Amino acid sequence: MKASVQALHNGSCTTWASAYLALAREQTALWQMVFMHRMQKAAPVPDWYQQRTASLFARVERQMARLAEGQSDSAIHLAARTLWSSVHGIAVLAAENKLDVAGDVDEQAMLDSLLENYLNSWAG
């Protein structure tokens, strides 16, 4: 793993992703209430929630920008959401005990593989 990717892999993105996955597994009901909640009758998402979500994505974007300084803002925007959506997918499957279908695979190992491979590819 490249030095800059290793630093990021050992830093914020990995810490955030691992904490997100741990919350999904250890506090499933709470995690589902917060991250799987659906607005009734297609009600609009409150502004405060959109602002907090944007703030969290901005943190991921800053980490992604550190890895690939030549990337455009739109590429960084897309990469942050692609990465986090992938993390979310693993968390959803883990929380709903759907990873058994994939065989005997540890969700943390899946997360580590995702982060290592995606971040290495992103860094070029």
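Is His-88 buried or partly exposed? That seems a good place to start, and the notes below work outwards from there.

1. **His-88.** With a relative accessible area of 21%, His-88 comes out as partly exposed, because buried here means under 20%. His-88 is part of helix H5. Leaving aside residues up to four places away in sequence, His-88 touches Tyr-20, Trp-31, Phe-35 and Met-36. Tyr-49 is a different story: it sits 39 residues from His-88 in sequence, and the two C-alpha atoms are 17 Å apart in space. Bear in mind throughout that this is a predicted model.

2. **The overall picture.** The chain has 6 helices and 0 strands. Reading from the N terminus, the elements go α-α-α-α-α-α. Along the principal axes, the C-alpha atoms take up a box of roughly 45 × 40 × 20 Å. Of the 124 residues in the chain, 28% are buried. If you take the contacts with a separation of 6 or more, 73% of them come from residues 24 or more positions apart.

3. **Aromatic pairs.** The count is 3 aromatic pairs. Take Tyr-20 and Trp-31: their ring centres are 5.8 Å apart and the planes make 75°, so this pair is edge-to-face. Tyr-20 belongs to helix H2 (residues 12-26) and Trp-31 to helix H3 (residues 28-35), so the pair links parts that lie 11 residues apart in sequence. Tyr-20 and Trp-31 are both buried. Trp-48 and Tyr-49 also pair edge-to-face, with 5.7 Å from centre to centre and 85° between the planes. Tyr-49 has 32% relative accessibility and so counts as partly exposed.

4. **An aromatic cluster, and a charge over a ring.** Tyr-20 and Trp-31 turn up again, joined by Trp-84 in one aromatic cluster. Elsewhere, Arg-81 has its charged end over the ring of Phe-57, at 4.2 Å from the ring centre. Phe-57 and Arg-81 are also on the list of residues that make the contact between H4 and H5.

5. **H3 against H5.** How do these two helices pack? The angle between H3 and helix H5 (residues 73-95) is about 135°, and the axes are 11 Å apart. That angle makes H3 oblique to H5. Their crossing is left-handed. On the H3 side the residues are Thr-28, Trp-31 and Phe-35, and they meet His-88, Ala-91, Val-92 and Ala-95 of H5. So our opening residue, His-88, is part of this contact.

6. **H4 against H5.** Here the packing angle is about 110° and the axes are 9 Å apart. H4 is therefore roughly perpendicular to H5. H4 passes H5 in a right-handed crossing. From H4 the contact uses Phe-57, Val-60, Glu-61, Met-64 and Ala-65, while the H5 residues include Ile-76, His-77, Ala-80 and Trp-84.

7. **Val-60.** This residue of helix H4 (residues 47-67) deserves a look of its own. Val-60 has 5% relative accessibility, so it counts as buried. Its contacts, not counting residues up to four places away in sequence, are with Cys-13, Trp-16, Ala-80 and Trp-84. Leu-21 lies 39 residues from Val-60 in sequence, with 16 Å between their C-alpha atoms.

8. **H5 against H6.** H5 and H6 pack at about 170°, and their axes are 10 Å apart. That makes the two helices roughly antiparallel. The crossing of H5 past H6 is right-handed. The residues that meet include Ala-75, Leu-83, Ile-90 and Ala-94 in H5, and Met-110, Leu-114, Tyr-118 and Trp-122 in H6.

9. **Asn-97.** One backbone detail to check by eye. Most residues other than glycine have a negative phi. Asn-97 is not a glycine, yet its phi is positive, at about 55°. You'll find Asn-97 in the loop between H5 and helix H6 (107-123).

Definitions and conventions:
Residues are numbered from 1 along each chain as its sequence is written. This is a predicted model: local features need pLDDT of at least 70, side-chain atom pairs count only at pLDDT 80 or more; totals for chains, interfaces and linings use all residues. Side-chain values use heavy atoms; hydrogens and water are left out. Rings of Phe, Tyr and Trp (its six-membered ring) pair if their centres lie within 6.5 Å; planes under 30 degrees apart count as stacked, over 60 as edge-to-face and the rest as tilted. Helices (H or I, at least four residues) and strands (E, at least two) are DSSP runs, numbered from the N terminus. Buried means under 20% relative accessible area, exposed over 50%, partly exposed in between (1.4 Å probe, protein chains only). A charge sits over a ring if NZ of Lys or CZ of Arg is within 6 Å of the ring centre and within 35 degrees of the ring normal. Axes are lines fitted to C-alpha atoms, for helices over the stretch in contact, and angles run from 0 to 180 degrees between N-to-C directions. Angles under 35 degrees count as roughly parallel, over 145 as roughly antiparallel, 65 to 115 as roughly perpendicular and the rest as oblique. A crossing is left-handed if the near helix is turned anticlockwise from the far one by less than a right angle, and right-handed if clockwise. Contact means heavy atoms within 4.5 Å.
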